[in-house]
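Q: Could you walk me through this structure, beginning with a single residue and working outward from there? I would like to ask short questions as we go.

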Amino acid sequence: EPIKEPYEPKVGDRFWNKDFEKSLKIIRIVEDLIVMKDYSEILNFCYLSTCDFLNELKNGNLTKIN
């Protein structure tokens, strides 16, 4: 079975957030902080540490859509 490369967060990547039922886009990465913007009626920003972000991906709350 091939070893899956760990996902490396990149600006511009978009995700579906299962909890909030929203699409989020990474707009900035500052050291260990990932800043995401959501595309609903109300503009929101979401700040996650890289560790929390990767955990959200692993547990299925975030799904990459691009």
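A: Let us begin with Phe-15, which counts as buried because its relative accessibility is 0%. Please keep in mind throughout that this is a predicted model.

Q: Which ring pairs with Phe-15, and how are the two planes arranged?
A: The partner is Tyr-7, and the two ring centres are 5.9 Å apart, with the planes at 80°, so the pair is edge-to-face. The cut-off used in that step is that planes over 60 degrees apart count as edge-to-face.

Q: Why are both a distance and an angle given?
A: A pair of aromatic rings is described by the distance of the centres together with the angle of the planes, so both values are given.

Q: And what sort of pair do Tyr-7 and Phe-53 form?
A: Tyr-7 and Phe-53 make a tilted aromatic pair, with 6.1 Å from centre to centre and 40° between the planes. This pair links distant parts of the chain, since Tyr-7 belongs to the segment before strand S1 (14-17), while Phe-53 sits in helix H1 (residues 50-58), 46 residues apart.

Q: Is Phe-53 buried or exposed?
A: Phe-53 counts as buried, because its relative accessibility is 0%.

Q: Which residues do the ring pairs link into a cluster?
A: The cluster consists of Tyr-7, Phe-15 and Phe-53, linked by ring pairs. Searching the whole structure gives 3 aromatic pairs.

Q: Let's change topic to the strands. How do S2 and S3 pair?
A: S2 and S3 pair in the antiparallel sense, over 6 bridges. One of the positions to look at is Arg-28, whose bridge partner in S3 is Val-35.

Q: What lies between those two strands?
A: S2 and S3 form a hairpin with 2 residues between the strands, and in this hairpin Glu-31 takes a positive phi near 50°.

Q: What about S3 and S4, which way do they run?
A: Strand S3 (residues 33-38) and strand S4 (residues 45-49) run antiparallel and are joined by 5 bridges. A hairpin of 6 residues connects S3 to S4.

Q: Which residue in S4 stands opposite Val-35?
A: That residue is Tyr-47, so Val-35 can be followed in both directions, as the residue opposite Tyr-47 in S4 and as the bridge partner of Arg-28.

Q: Is Tyr-47 buried or exposed?
A: Tyr-47 counts as exposed, because its relative accessibility is 52%. Tyr-47 also belongs to a nonpolar surface patch of about 490 Å², which is made by Val-30, Leu-33, Leu-43, Phe-45 and Tyr-47.

Q: Where is Cys-46, and how exposed is it?
A: Cys-46 is in strand S4, and with a relative accessible area of 21% it counts as partly exposed. If we set aside residues up to four places away in sequence, Cys-46 touches Ile-34, Val-35 and Met-36. The C-alpha atoms of Cys-46 and Leu-24 are 8.5 Å apart in space, although these residues are 22 residues apart in sequence.

Q: Going back to S3, which residue in S4 stands opposite Lys-37?
A: Phe-45 stands opposite Lys-37. Lys-37 itself lies in strand S3 and is partly exposed, with a relative accessible area of 22%. Not counting residues up to four places away in sequence, Lys-37 touches several residues, among them Ser-23, Leu-24, Leu-43 and Phe-45.

Q: What about charged pairs, how many salt bridges are there?
A: The count comes to 1 salt bridge. The side chains of Lys-22 and Asp-38 meet in a salt bridge, at 3.3 Å from N to O. The pair links distant parts of the chain, with Lys-22 in strand S2 (residues 22-30) and Asp-38 in strand S3, 16 residues apart.

Q: Are those two residues buried or exposed?
A: Lys-22 counts as partly exposed, at 25% relative accessibility, whereas Asp-38 counts as buried, at 4%.

Q: One last residue: where is Lys-10, and which residues is it in contact with?
A: Lys-10 is in the segment before S1, and, leaving aside neighbours within four places in sequence, Lys-10 is in contact with Ile-26 and Ile-29. Lys-10 is partly exposed, with a relative accessible area of 46%. The C-alpha atoms of Lys-10 and Ile-34 are separated by 9.3 Å, and these residues are 24 residues apart along the chain.

How values were computed. Residues are numbered from 1 along each chain as its sequence is written. This is a predicted model: local features need pLDDT of at least 70, side-chain atom pairs count only at pLDDT 80 or more; totals for chains, interfaces and linings use all residues. Side-chain values use heavy atoms; hydrogens and water are left out. Rings of Phe, Tyr and Trp (its six-membered ring) pair if their centres lie within 6.5 Å; planes under 30 degrees apart count as stacked, over 60 as edge-to-face and the rest as tilted. Buried means under 20% relative accessible area, exposed over 50%, partly exposed in between (1.4 Å probe, protein chains only). Helices (H or I, at least four residues) and strands (E, at least two) are DSSP runs, numbered from the N terminus. Two strands pair if DSSP finds at least two bridges between them. Patches are made of residues with over 30% relative accessible area and no salt bridge: like charges are joined within 9 Å, nonpolar side chains (Val, Leu, Ile, Met, Phe, Trp, Tyr) within 5 Å. Accessible areas come from the Shrake-Rupley method with a 1.4 Å probe; for residues, only the protein chains shown count as cover. A salt bridge is a side-chain nitrogen of Lys or Arg within 4 Å of a carboxyl oxygen of Asp or Glu. Contact means heavy atoms within 4.5 Å.
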